[in-house]
Every structure is written in structure tokens, then in C-alpha cells.
Amino acid sequence: MLRKRLGLGLLVAGLLLAFVLPCGTALAKWDKASPDQVQAEMAKGNARFVNQESIHPNSGIDRLTLAGKENQGDYAVATVLTCSDSRVPVERLFDMGVMDIFVIRVAGNVMKTDEIGSIEYGACHVNTPLVVVLGHTQCGAVTAVTNELVGHGHPLERNIPPLVAPIIPAVEQTMKADPELEGSGLVEKAIEANVWQGIHNLFMQSAAVRDLAKSGKIKVVGAIYHVGTGEVSWLPDDKAAAILNEAENDPARAMNPMSSAEGSGHGDGGEKIDSKHGEHSGSGFKSLISGIALILALVLAFVALTQNFKQDGLCGKIRSALETLWHGLRGR
Ligand SMILES: [Zn+2]
């Protein structure tokens, strides 16, 4: 009797795992602080940094040992895109440590495919509740673009103009909004506009990030780091929300959140990763399916061993359904 109950219990657990896991893991993933709580902690860390009171959390050998064993997705709380500038040391300025921040750094914190893909990875796979686009004062990349647009440019190495091209609309908008601006005043405004431009590009090109932001699972926020004081100024949430809303209503936005065009109906699906050049993006899903298949296999083995289940009757039917599901999963 006990064995039969145990067998039934395992069957129910197996079925629940098989049917609930693929979407249920999303719930477990978000068992972290809320986006606002993360932002508040980062603001506190920045205040400690500014006041020279950093406590350097999560930086000891115990954290390294943990990092060697655990999935960063269970720990990291923020994805940060910022500039490569040596005056912007991300973990230090937020007084955070190992496995706390998923960082993307590129000159001018430009937002193009590589950066958007990295943010998608941070938000969807590292499960960070907060995404920060962090510009900084005295940014050389924004200054170079501004100088070029006001006619004071100078020749740049061949790969730099295409790198900083996404900053051009930000500077142009700033100049249009206030034609009187010039010099460092213009650059300062353009630096903030470049953060908003980045958030706009992100929302336009990533349906996955838009969906997470709309659901409240993540928050995308802009900020400016002041290189001379160490202070981070957080930009208004409502402006980021307005940009999200604008992107949602823009017919030019990317519609399919996934790399495969399968089932999108919009024909804007991106590319799959070529197996010759890198890991397939679906490897995590495949591992999940393998895990479920393993659980089902164990349940089936248990059922076979207990002999309490006959081919006819309810239990036999459940077993047959499980076997069908098992073969279906293997065939994926
Ligand atoms: Zn910079």
C-alpha cells in the first residue's frame, strides 16, 4: 500500500514537473529582490563609494568558491551597460562584488546588436531584475561625435566612426532641442540624450526586453556617472516608461522575442547561431528537456519496479501517456 502511494506520488510529481517546469522555472528565477530594491541597494553602494566607506561585499574567497559552483543567474541582480572609460569602474562605484553585476562595456555605451544581445542574455538568462544604461560625464565618444557634428572633428581610425554612429541621433536631437547649446554644455546634454537613445534602441530591437519590462519583472533605468565625484545620478523612471510605450506603438519595432522565426508570423526573427561558430542558443532549453526526460525515465523505472501498476486500468493509462510524452520529448 505504502509503495503504491509512493509510486502514485512520484507519478504526480513527474507529471507536474513535466508540464509545469518549462514555464514554472521563470517563477523560480525571479525569486530575487524587486527591480526597485536592487536599484536602492545600488544607490546605497554608490553612496558608500562616494563617501569612501566601501565595504567590498561578495569579494572574499567564499564568494569565489560559490561562483565556481553556482549559476550566476541565481545571484546576479543587475545588468549594466556602460562606457569602456577607465574612470567608470562598475563594481567599485556601486560597491558590489563577484557575481553581482552582468556588465557590458563599450566605448560610448552605444546600443547596437552586440550590446542588445548581451542585455537580453543578462535579463533573460542571468535573470537580473534591473537593467542600467549608465552614461558618464566627460565621455570621449560623445565628445568626438559632438565635435564632428559642430564642424570641429578630426580624422579617426577607420573603425571608430561606425562604432560611435549610434550616438549621432542623440547629439542631433540635443542640438535641435536647444540650438544655443555649445561646448561642454552641449556635450553634457548629449551624454544624457545618448542614454535615452540607448534605451530607445533597446526597446525597439528587443521584444524580449520589452515583454519583461511591461510585466514588471525587470526595470530598465538610465543613469549618469560623474567621474569627478563618483556619484551616480539616476534618471527619471517615467521617461524610460514613456520610451517603452513609444516603442510599443512604433510599427518599426522588432516583434519576435526569439531568434527563431518559428511561430512568430512577423517574419522578423533573427538568426540561429551557426553550430560551426558557437554554442546554440537553445542549449539551456535542451538541458531542461533532458532534465524532464530524466525525471520521467526515473518515474517510469519506478513504476515498472513496483509492479503495482498493471497495463489495464487508470495506472496503465497514465503510464502509456507518460511513455508517449517521453517519446515525444526525445523526438524534439
Ligand atoms: Zn565614455
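These legends walk through several close-up views of a predicted model.

**View 1. The zinc ion sits among two cysteines and a histidine.**
Start at the metal: the zinc ion is coordinated by the SG atom of Cys83, the NE2 atom of His136 and the SG atom of Cys139, at 2.0 to 2.3 Å. If you like to follow such sites along the sequence, the donor residues are spaced C-x52-H-x2-C. Cys83 belongs to the loop between strand E1 (78–82) and helix H4 (90–93), while His136 is part of strand E3, so this pair ties together parts that are 53 residues apart in sequence. Both Cys83 and His136 are buried, and for Cys83 the relative accessible area is 5%. Cys124 is a cysteine with another setting to look at: Cys124 is partly exposed, at a relative accessible area of 25%. As for disulfides, the count comes to 0.

**View 2. Ala107 touches Cys83 and Ala141.**
Here we stay with Cys83 and look at one of its contacts, Ala107. Ala107 is placed in the loop between E2 and H5 and is partly exposed, with a relative accessible area of 26%. Leaving aside residues up to four places away in sequence, Ala107 touches Cys83, Ser84, Ala141 and Leu163. Take a moment for the partner Ala141: the C-alpha atoms of Ala107 and Ala141 are 6.3 Å apart in space, although the two residues are 34 residues apart in sequence.

**View 3. The largest nonpolar core has 41 residues.**
Within this core, Ile119, Ile167, Ile199, Phe203, Ile218 and Val220 touch the most other members. Several elements each supply at least two residues of the core, among them strand E2 (101–105), helix H5 (113–124), strand E3 (130–136) and helix H11 (237–248). Helix H9 gives the largest share, 9 residues. For a good place to begin browsing, try Ile199, which touches Met111, Val133, Val220, Val221, Gly222 and Ile243, not counting residues up to four places away in sequence. A second, separate core holds 20 residues, including Ala78, Val80, Leu93 and Tyr225.

**View 4. Asn201 is a buried residue of helix H9.**
Asn201 is found in helix H9. Its relative accessibility is 12%, under the 20% limit, so Asn201 counts as buried. Apart from residues up to four places away in sequence, Asn201 touches Met111, Ile116 and Pro166. Met111 may look familiar from the previous view, where Met111 is one of the contacts of Ile199.

**View 5. Phe94 and Trp234 form a tilted aromatic pair.**
A search of the whole structure finds 2 aromatic pairs, and this view shows one of them. The ring centres of Phe94 and Trp234 are 6.0 Å apart and the planes meet at 35°, so the pair is tilted. Phe94 lies in the loop between H4 and E2 and Trp234 in strand E5 (residues 232–234), so the pair ties together parts that are 140 residues apart in sequence. How buried or exposed are the two partners, Phe94 and Trp234? Phe94 is buried at 0% relative accessibility, whereas Trp234 is partly exposed at 23%.

**View 6. Two salt bridges start from the loop between H4 and E2.**
The structure holds 9 salt bridges. In one of them the side chains of Asp95 and Arg48 meet at 2.6 Å, N to O. Asp95 is in the loop between H4 and E2 and Arg48 in helix H2 (residues 35–50), so this pair ties together parts that are 47 residues apart in sequence. Asp95 is buried, at 2% relative accessibility. In another, Asp100 and Arg63 meet at 2.8 Å, N to O. This pair also links distant parts of the chain, with Asp100 in the loop between H4 and E2 and Arg63 in helix H3 (residues 61–69), 37 residues apart. Asp100 is buried at 6% relative accessibility, and Arg63 is buried at 10%.

**View 7. Lys214 and Asp211 pair within helix H10.**
The closest N and O atoms of this salt bridge are 3.5 Å apart. Lys214 and Asp211 are 3 residues apart in helix H10, so about one helical turn separates them. Lys214 is partly exposed at 46% relative accessibility, and Asp211 is partly exposed at 38%. Salt bridges with shared partners join Arg210, Asp211, Lys214 and Glu248 into one network.

Methods. Residues are numbered from 1 along each chain as its sequence is written. This is a predicted model: local features need pLDDT of at least 70, side-chain atom pairs count only at pLDDT 80 or more; totals for chains, interfaces and linings use all residues. Side-chain values use heavy atoms; hydrogens and water are left out. A disulfide is a pair of cysteine sulfur atoms within 2.5 Å. Buried means under 20% relative accessible area, exposed over 50%, partly exposed in between (1.4 Å probe, protein chains only). A nonpolar core is a set of buried Ala, Val, Leu, Ile, Met, Phe, Trp, Tyr and Cys residues joined through side-chain atoms within 4.5 Å. Helices (H or I, at least four residues) and strands (E, at least two) are DSSP runs, numbered from the N terminus. Contact means heavy atoms within 4.5 Å. Donors are N, O and S atoms within 2.8 Å of the metal (3.2 Å for Na, K and Ca); water is not among the atoms, so sites may look incomplete. Rings of Phe, Tyr and Trp (its six-membered ring) pair if their centres lie within 6.5 Å; planes under 30 degrees apart count as stacked, over 60 as edge-to-face and the rest as tilted. A salt bridge is a side-chain nitrogen of Lys or Arg within 4 Å of a carboxyl oxygen of Asp or Glu.
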